[in-house]
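Open the model in your viewer and keep the selection panel at hand. This tour goes from the whole chain to single residues.

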Amino acid sequence: MEVLIFLTVLGITGLLCDRRWRRCFIYPLMGIVLFFWLVLSAPMIALAHWGLVFSLPPDLGDTVDAIVVLGRGEELREGQVEIVNKLWKARRSPSIFVSGMSNAQETINRLKENGLSDRILSGERCSQNTEENAQFTEAVLRPQNVRKILLVTDSPHMLRSLLMFRSFGFTVIPHSSSLPLNWSAAKRMKLILREYAALAKYHLTGRFKERTAHELKHPAPQIIEKLTTWKCQIS
């Protein structure tokens, strides 16, 4: 409503101004305001979000080797913890693994506060992006014969995460968490557009390529070094 009032005021102002002023200032400003109003409208956000999730396979309730949670910050943590609790109570997996430098330990602590046992919780706190989430998770879980996972992250982030974890040899069942209800339209659209940009970047730089059996069996030296010297692994 505020935008419509602003556009109306601009329009009236334009009628009172000379033609040159309308052409150089009023009409361009109205166009900019209208553009951003449309971009941040509920239908546009829903359409942009749909483009990221429509191709995701459904979760049919299969059991898996591990639930893998990608830490996405404090605001998204509670939604992830709630989903993991439900998946655990449904006996979907014997273990839970949390990945993310600034989020793994905090998420594990919250899961413990919700009654989950130490013996089923583990993780790594070295990864700083989605590709490293998959790299470190694979390096830790593959020796434990973990191949099939339930992947938990927010819905805009899920497509990129699924493609990345598949490239590291995992069979992935996606189980998305929702964005917080109190997020503004601008904040939602910013995250969604960032995911489109990241998907394009990862595709163009070949990050989604399938890793060879040798690459999976022998993780990159820097990954092993960080796991050992940085004491990244949480157990």
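The stops below run from the overall fold to the sheet, then to one side chain and two helix pairs.

**Whole chain**

Start with everything shown as a cartoon. This is a predicted model. The protein chain carries 10 helices and six strands. Colour by accessibility next: of the 235 residues, 42% are buried. Then consider the contacts in the chain with a separation of 6 or more: residues 24 or more positions apart account for 75% of them.

**The sheet**

Hide the helices. What is the order of the strands in the open sheet? Reading across, the order is E5-E4-E1-E2-E3-E6, six strands with mixed pairing. Select residues 171–177 for E5 and 233–234 for E6: these are the edge strands, and each pairs on one side only.

Now step inward from E5. Strand E4 spans residues 148–154. E4 and E5 run parallel and are joined by seven bridges. To find the register, pick Asp154, which stands opposite Ser177 in E5.

**Strand E1**

Select residues 66–70, which form E1. On one side, E1 pairs with E4 in the parallel sense over four bridges. Ala66 stands opposite Ile149 in E4. E1 also pairs with E2, residues 96–99, again parallel and over four bridges. Here Ile67 is the residue to click, opposite Ile96 in E2.

Show the side chains of E1. In a regular strand, side chains alternate between the two faces of the sheet. Which residues of E1 point one way, and which the other? Ala66, Val68 and Leu70 take one direction, while Ile67 and Val69 take the other. Is E1 mostly covered or mostly open? It is mostly covered, with five of its five residues buried.

**Asn133**

Leu70 leads to the next stop, since Asn133 touches it. Select Asn133, which is found in helix H6. Is this residue buried or exposed? The relative accessibility of Asn133 is 6%, so it counts as buried; the cut-off is under 20%. Display its surroundings. Leaving aside residues up to four places away in sequence, Asn133 touches Leu70, Ser99, Gly100, Glu124, Ser127 and Phe165.

**H6 against H7**

Keep H6, residues 130–141, and add H7, residues 155–167. Two packed helices are described by the angle between their axes and the distance between the axes. For H6 and H7 the angle is about 40 degrees and the axes are 9 Å apart. The two helices are therefore oblique to each other. Their crossing is right-handed.

Show sticks at the contact. From H6, take Thr130, Glu131, Asn133, Ala134 and Thr137; from H7, take His157, Arg160, Ser161, Met164 and Phe165. By class, the residues of this contact are three nonpolar, five polar and two charged.

**H3 against H8**

Finish with another pair: H3 at residues 42–53 and H8 at residues 185–204. Their packing angle is about 30 degrees, with the axes 10 Å apart. H3 and H8 are therefore roughly parallel to each other. This crossing is left-handed.

Which residues meet between H3 and H8? On the H3 side, select Met44, Ile45, Ala48, His49, Gly51 and Leu52. On the H8 side, select Ala185, Arg188, Met189, Ile192, Glu195, Tyr196 and Leu199. Colour this contact by class: nine residues are nonpolar, two polar and two charged.

How values were computed: Residues are numbered from 1 along each chain as its sequence is written. This is a predicted model: local features need pLDDT of at least 70, side-chain atom pairs count only at pLDDT 80 or more; totals for chains, interfaces and linings use all residues. Side-chain values use heavy atoms; hydrogens and water are left out. Axes are lines fitted to C-alpha atoms, for helices over the stretch in contact, and angles run from 0 to 180 degrees between N-to-C directions. Angles under 35 degrees count as roughly parallel, over 145 as roughly antiparallel, 65 to 115 as roughly perpendicular and the rest as oblique. A crossing is left-handed if the near helix is turned anticlockwise from the far one by less than a right angle, and right-handed if clockwise. Contact means heavy atoms within 4.5 Å. Ala, Val, Leu, Ile, Met, Phe, Trp, Tyr, Cys and Pro count as nonpolar, Asp, Glu, Lys and Arg as charged, and the others, Gly among them, as polar. Buried means under 20% relative accessible area, exposed over 50%, partly exposed in between (1.4 Å probe, protein chains only). Two strands pair if DSSP finds at least two bridges between them.
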